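User: Please take a close look at one strand in this predicted model. I should like to understand its surroundings and its pairing partners.

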Protein chains: 4
Amino acid sequence: MIQTGIVGGTGYTGVELLRILALHKEVEIKVVTSRTDAGTRVDALYPNLRGVIDVVFSAPDVDALADCDVVFFATPNGTAMQIAKALLEHGVKVIDLSADFRLTDAEEWTKWYGMEHACPELLAEAVYGLPEVNRDAIKKARLVANPGCYPTSVQLGFLPLLEQGLIDVNHLIADVKSGVSGAGRKAELATLMSETGESFKAYSASGHRHLPEITQGLNAAAKNKVGLTFVPHLVPMIRGIHATLYAQISHNKTSLDEIQALFEQRYADELFVDVLPINSHPDTRNVKGSNKCQIALHQPQGGNTLVILSVIDNLVKGAAGQAVQNMNLMFGFPEDQGLHTLALYP
Amino acid sequence: MIQTGIVGGTGYTGVELLRILALHKEVEIKVVTSRTDAGTRVDALYPNLRGVIDVVFSAPDVDALADCDVVFFATPNGTAMQIAKALLEHGVKVIDLSADFRLTDAEEWTKWYGMEHACPELLAEAVYGLPEVNRDAIKKARLVANPGCYPTSVQLGFLPLLEQGLIDVNHLIADVKSGVSGAGRKAELATLMSETGESFKAYSASGHRHLPEITQGLNAAAKNKVGLTFVPHLVPMIRGIHATLYAQISHNKTSLDEIQALFEQRYADELFVDVLPINSHPDTRNVKGSNKCQIALHQPQGGNTLVILSVIDNLVKGAAGQAVQNMNLMFGFPEDQGLHTLALYP
Amino acid sequence: MIQTGIVGGTGYTGVELLRILALHKEVEIKVVTSRTDAGTRVDALYPNLRGVIDVVFSAPDVDALADCDVVFFATPNGTAMQIAKALLEHGVKVIDLSADFRLTDAEEWTKWYGMEHACPELLAEAVYGLPEVNRDAIKKARLVANPGCYPTSVQLGFLPLLEQGLIDVNHLIADVKSGVSGAGRKAELATLMSETGESFKAYSASGHRHLPEITQGLNAAAKNKVGLTFVPHLVPMIRGIHATLYAQISHNKTSLDEIQALFEQRYADELFVDVLPINSHPDTRNVKGSNKCQIALHQPQGGNTLVILSVIDNLVKGAAGQAVQNMNLMFGFPEDQGLHTLALYP
Amino acid sequence: MIQTGIVGGTGYTGVELLRILALHKEVEIKVVTSRTDAGTRVDALYPNLRGVIDVVFSAPDVDALADCDVVFFATPNGTAMQIAKALLEHGVKVIDLSADFRLTDAEEWTKWYGMEHACPELLAEAVYGLPEVNRDAIKKARLVANPGCYPTSVQLGFLPLLEQGLIDVNHLIADVKSGVSGAGRKAELATLMSETGESFKAYSASGHRHLPEITQGLNAAAKNKVGLTFVPHLVPMIRGIHATLYAQISHNKTSLDEIQALFEQRYADELFVDVLPINSHPDTRNVKGSNKCQIALHQPQGGNTLVILSVIDNLVKGAAGQAVQNMNLMFGFPEDQGLHTLALYP
């Protein structure tokens with residue numbers, strides 16, 4: 001039984017962590033911080049947790065957090081980098097669900113996130129928490145940078161192809177669609193139901209913060225610099241990401257059956273990546289509330305263009321679920337402990 | 001470990017049973033029938049179940065079902081009453097999620113369901129599966145009539161008041177709102193997304209089949225004949241029922257605090273009925289995917305009219321979850337075995 | 001051709017006014033104010049209006065507004081009462097879509113709206129702008145208090161019954177459901193899509209600001225003090241209000257056919273109240289974007305309880321459309337000028 | 001005043017035609033056919049049309065239709081080709097909203113639509129009803145093949161680039177998202193709200209019937225054979241199409257400003273194509289219920305890949321609205337007669 005703390009427990013990734021950890025057998029939730037809701041019972045704010053959690057939100061306090069075995073940051077970008085170092089020095093493991101430790105290059109980080117990095121000296125140590133790539137490093141890590149939601153869905157879809165050098169790395173396209181919970185639990189006009197319901201649009205088409213994170217991962221897989229066009233879209237639903245990925249097959253001789261076999265083999269031992277039969281159409285609802293990524297492959301008209309469809313729940317495999325998967329690895333628990341929830345259908 | 005069969009596994013209550021039973025530690029799913037999908041793997045139709053269920057849909061067959069310890073009917077009305085008797089004679093316990101055994105009066109049943117009852121001799125034996133009322137009888141039952149979704153939400157809201165004789169039984173009003181999954185998984189115009197999305201309406205306002213079931217339960221609680229007006233509505237969402245109940249307080253001296261105390265006491269030992277603090281507004285999403293009923297009380301302007309708000313997930317506490325709760329009781333498992341799922345938020 | 005001004009043009013009722021007035025043949029939109037968006041083109045904020053409006057948001061300025069023939073206030077409560085008097089003194093007619101002039105009793109207003117009324121001397125002059133009740137007074141009015149959305153749907157449903165003394169006035173129940181646009185265009189947590197999508201709940205069940213407005217109207221129709229329980233609910237959709245009204249018929253001899261005839265007669269000359277055939281179920285989408293109220297009657301089980309279903313679009317008949325209807329009356333235009341839009345289906 | 005007939009008036013494109021034509025000043029709706037609903041008043045099925053249409057559905061009958069000036073086919077594929085010839089011989093103009101006359105090549109048509117073409121001799125005469133390309137031919141046409149919804153959004157986005165030879169025609173990608181009304185008003189499991197709400201998926205990724213229609217149009221614009229990958233997706237909303245188009249700029253020297261200028265110039269005189277400012281994100285709701293196509297351009301990271309965003313309402317510019325636009329051209333009415341409706345916001 002380990003003691004856990006959550007910094008920023010009132011956002012959507014925070015409450016999703018609470019939902020998962022509340023039923024996790026190896027975990028005791030000890031500290032949940034929130035500046036705005038300090039003093040309120042967690043289950044008063046989140047009545048879905050009534051009966052399983054007996055904690056009161058507290059103001060963030062390093063000393064209280066230092067008693068935990070692991071602390072999750074479910075905070076806006078720019079917070080974890082202020083506190084993580086102090087916690088690490090107290091021997092606390094840190095899993096950061098924000099973007100603070102995802103990029104290895106502090107300058108690049110500053111360019112996209114608009115502030116100086118407060119703790120660049122930890123960037124080299126931080127392990128990018130995509131278990132399908134970095135499992136061994138995660139097991140030994142003190143500090144894990146939990147991947148973003150878009151980056152998780154896109155990387156899992158492209159990885160096998162890039163690792164085997166099967167596609168033209170210069171013209172990758174990721175047309176990705178996300179439910180509105182990805183925008184977080186903030187009082188903002190743009191994500192009101194009246195603004196996003198019954199409508200569909202692209203946003204940040206000229207450049208989104210997840211672009212450098214994705215390309216960093218794809219570059220590593222390709223051992224080469226990839227050229228990626230990434231266009232995110234907002235879907236009138238709450239949870240779910242659907243990535244539609246386009247790539248040109250380099251070697252015309254590679255058949256779709258061979259590529260399917262490659263994907264199945266690449267993810268054969270992965271508990272949370274599920275390669276569907278050829279020509280399937282994964283549906284975001286089939287992974288809603290679950291930590292799974294479902295992937296399917298198409299080769300329209302038998303042409304040169306490969307289409308990879310990849311779906312996740314942005315708050316689970318794209319955030320809190322993956323964070324718990326990382327925690328399980330870091331503490332030697334079964335990798336899927338606490339992550340057995342099945343998606344609701346319908 | 002008991003063997004279970006599900007007749008009619010392709011409807012929404014059927015697949016919800018599969019979702020719950022697939023992770024239930026005391027249960028092996030042995031037979032899942034479907035005329036239309038016989039021969040198809042269950043997880044091919046329901047990709048959310050990939051990895052947890054290894055069964056193929058089969059055509060309904062009494063002999064195959066007779067090997068089970070318990071058989072659930074998740075069928076349209078009129079099917080269970082054809083087969084239940086044969087199964088009971090084989091020593092199989094039966095839990096019927098349809099309406100076939102809910103009314104004790106066969107003539108009343110015929111009036112509302114438009115067909116002769118095929119098995120009226122079992123109506124007296126069948127136990128109405130509302131554990132909060134009939135727990136002891138359920139434990140000993142061979143045949144359980146699992147309550148309807150509307151009746152569950154309405155009865156749990158009115159019961160404490162009727163049992164204590166605190167309200168005027170002649171003028172009860174139940175204004176109830178349901179998500180569209182309540183209409184089932186049938187190819188019908190009326191429940192297309194284009195027909196029900198972004199709109200709200202009442203239906204069957206002049207008389208809905210759940211009315212006699214509700215009044216039968218309320219009469220029993222009141223030990224009197226109640227007068228109930230019940231108007232169901234369709235909400236543009238998938239899961240959830242919200243009952244708004246209105247009753248006139250008989251004794252003006254009874255305060256809201258006293259009534260709140262009564263509700264808390266009545267449901268103190270109930271794992272799945274959760275009385276919220278006075279003046280709360282339960283939200284259907286806080287019970288989505290969970291077996292809970294959340295209830296809150298209001299007395300607007302301190303007047304004579306009491307308002308009871310009661311929410312459930314129509315497919316869980318209103319169908320499959322309650323069926324598993326009943327199964328747990330019938331087989332001596334912990335009542336909440338397999339029913340720990342927390343509602344997703346957001 | 002009259003000159004119009006809109007104060008508060010960036011809220012949902014403001015932009016709905018713009019949509020209607022932009023195509024109104026007798027109207028020129030001259031001033032649209034917004035503190036936050038002053039300097040921005042109206043169609044830059046609302047691209048649905050590109051090509052039909054050539055106005056820039058300006059800061060509110062009495063002198064500029066004083067050149068208009070009529071000024072609409074689509075502002076939060078508490079603004080119109082500060083400025084209306086000055087405009088009236090300049091000979092400008094005023095239509096206030098906020099609540100400032102709806103209650104005749106300034107103390108009651110203060111009790112529900114939490115501030116002193118800035119202009120109680122105008123309350124007696126202000127005409128409550130429900131044309132189906134006050135048409136003649138509206139034609140002559142300088143200052144019209146445009147009704148609230150809930151009050152419009154509830155009053156139109158109860159009026160014929162109260163005017164004829166056919167129901168028990170002591171136990172009226174209005175269970176009303178609204179789309180989220182009723183909450184306005186404000187950056188608030190509670191109306192995020194992640195908070196309101198796929199869920200249903202009551203709110204303000206113990207007392208909502210529209211209660212005194214509704215009872216004031218019902219009292220006048222009944223020439224008596226009515227007892228009303230009013231519970232509003234939030235529907236996961238953008239537009240639409242559905243009122244489900246319950247009343248006890250006083251004289252058992254009155255048949256549903258007679259009541260239907262009474263409704264049809266009462267609204268025979270009303271362009272915007274449409275009584276559907278007996279036992280219909282009006283659907284909010286059939287009035288979405290239109291100025292119509294559709295009403296249907298039920299008498300469940302032929303009992304003593306009458307159920308009236310009444311639907312409107314909260315932003316049209318419940319706000320901007322009714323305001324334009326009032327303007328048409330005030331200026332002698334055809335009452336339906338500019339209000340011919342048909343609801344989209346699906 | 002012309003007499004119009006609608007064959008297949010009970011589908012979504014049929015009722016959308018009714019909504020538009022009911023308020024069109026030059027049109028009298030004379031015949032609306034429906035096999036299933038013959039004998040029913042149109043406004044009984046569609047209460048949004050109460051008060052504006054006084055027609056009863058009739059069984060399809062060539063003689064009755066032959067008295068019309070123009071007949072619209074809003075039928076499933078395969079119907080118009082059976083009847084169009086007879087109507088043309090009676091001097092009736094025909095606008096077919098189905099796919100029967102869209103492809104010039106009968107064999108290609110058979111390949112994609114799975115049946116022999118009943119009337120290949122008319123394929124050469126039929127004019128593809130995209131006014132932005134074929135306005136003059138439409139004015140003189142007897143038979144107009146109204147474009148599909150996906151093809152309209154994709155062609156309007158690519159046309160200026162292909163006409164000017166600015167992009168690599170071999171690697172075009174159209175990632176397109178549609179609301180569920182595109183699937184039509186048919187009782188089908190796949191488009192139930194419980195199946196499509198709160199979820200997102202691709203479909204027909206390996207080949208969709210609109211592909212040959214789109215490529216036929218793009219080939220003509222490019223005067224060359226284009227290579228297109230087209231992946232349609234289903235959005236949990238009712239109306240709207242959002243096309244995200246990707247193309248490689250051939251000549252690196254062409255700047256985004258130049259391309260923007262090209263689009264603005266190409267569509268300068270088009271009433272229904274609206275080029276938004278550079279880097280805008282068109283939102284489907286801003287064209288909902290309107291006949292507009294809104295387009296915006298992006299060049300992410302200043303690279304070689306151009307992103308074109310194009311939105312329409314699938315039932316208006318993608319079906320009934322464009323059909324009325326074509327009718328206006330064929331009869332010499334103002335091109336936008338009856339098409340002034342503004343999109344509702346919110």
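Analyst: In chain A, Lys177(A) stands opposite His233(A), a residue of strand β9(A). This places the discussion at strand β7, which covers residues 172-179 of chain A. Its pairing with strand β9 (residues 228-235) is parallel and extends over 8 bridges.

Strand β7(A) also has a second partner, strand β10 of chain A, formed by residues 241-248. Here the two strands run antiparallel and are joined by 6 bridges. On this side, Val176(A) stands opposite Ala243(A) of β10(A). Strand β7(A) is thus paired in the parallel sense with β9(A) and in the antiparallel sense with β10(A).

The next point concerns the directions of the side chains. In a regular strand, side chains alternate between the two faces of the sheet. In β7(A), Leu172(A), Ala174(A), Val176(A) and Ser178(A) point one way, while Ile173(A), Asp175(A), Lys177(A) and Gly179(A) point the other way. Lys177(A), which stands opposite His233(A), and Val176(A), which stands opposite Ala243(A), therefore belong to opposite groups, given that side chains alternate between the two faces in a regular strand.

Finally, one may consider how far the strand is covered. A residue counts as buried when its relative accessible area is under 20%. By this criterion, 8 of the 8 residues of β7(A) are buried, and the strand is mostly covered. The residues pointing either way are all buried, including Asp175(A) and Lys177(A).

Definitions and conventions. Residues numbered from 1 in each chain as written. Chains lettered and ligands numbered in written order. Predicted model: local features only at pLDDT ≥ 70, side-chain atom pairs only at ≥ 80, totals over all residues. Heavy atoms only, no water. Buried < 20%, exposed > 50% of the residue type's maximum accessible area, 1.4 Å probe, protein only. Helix = DSSP H or I, 4+ residues; strand = E, 2+ residues; numbered from the N terminus. Pairing = 2+ DSSP bridges.
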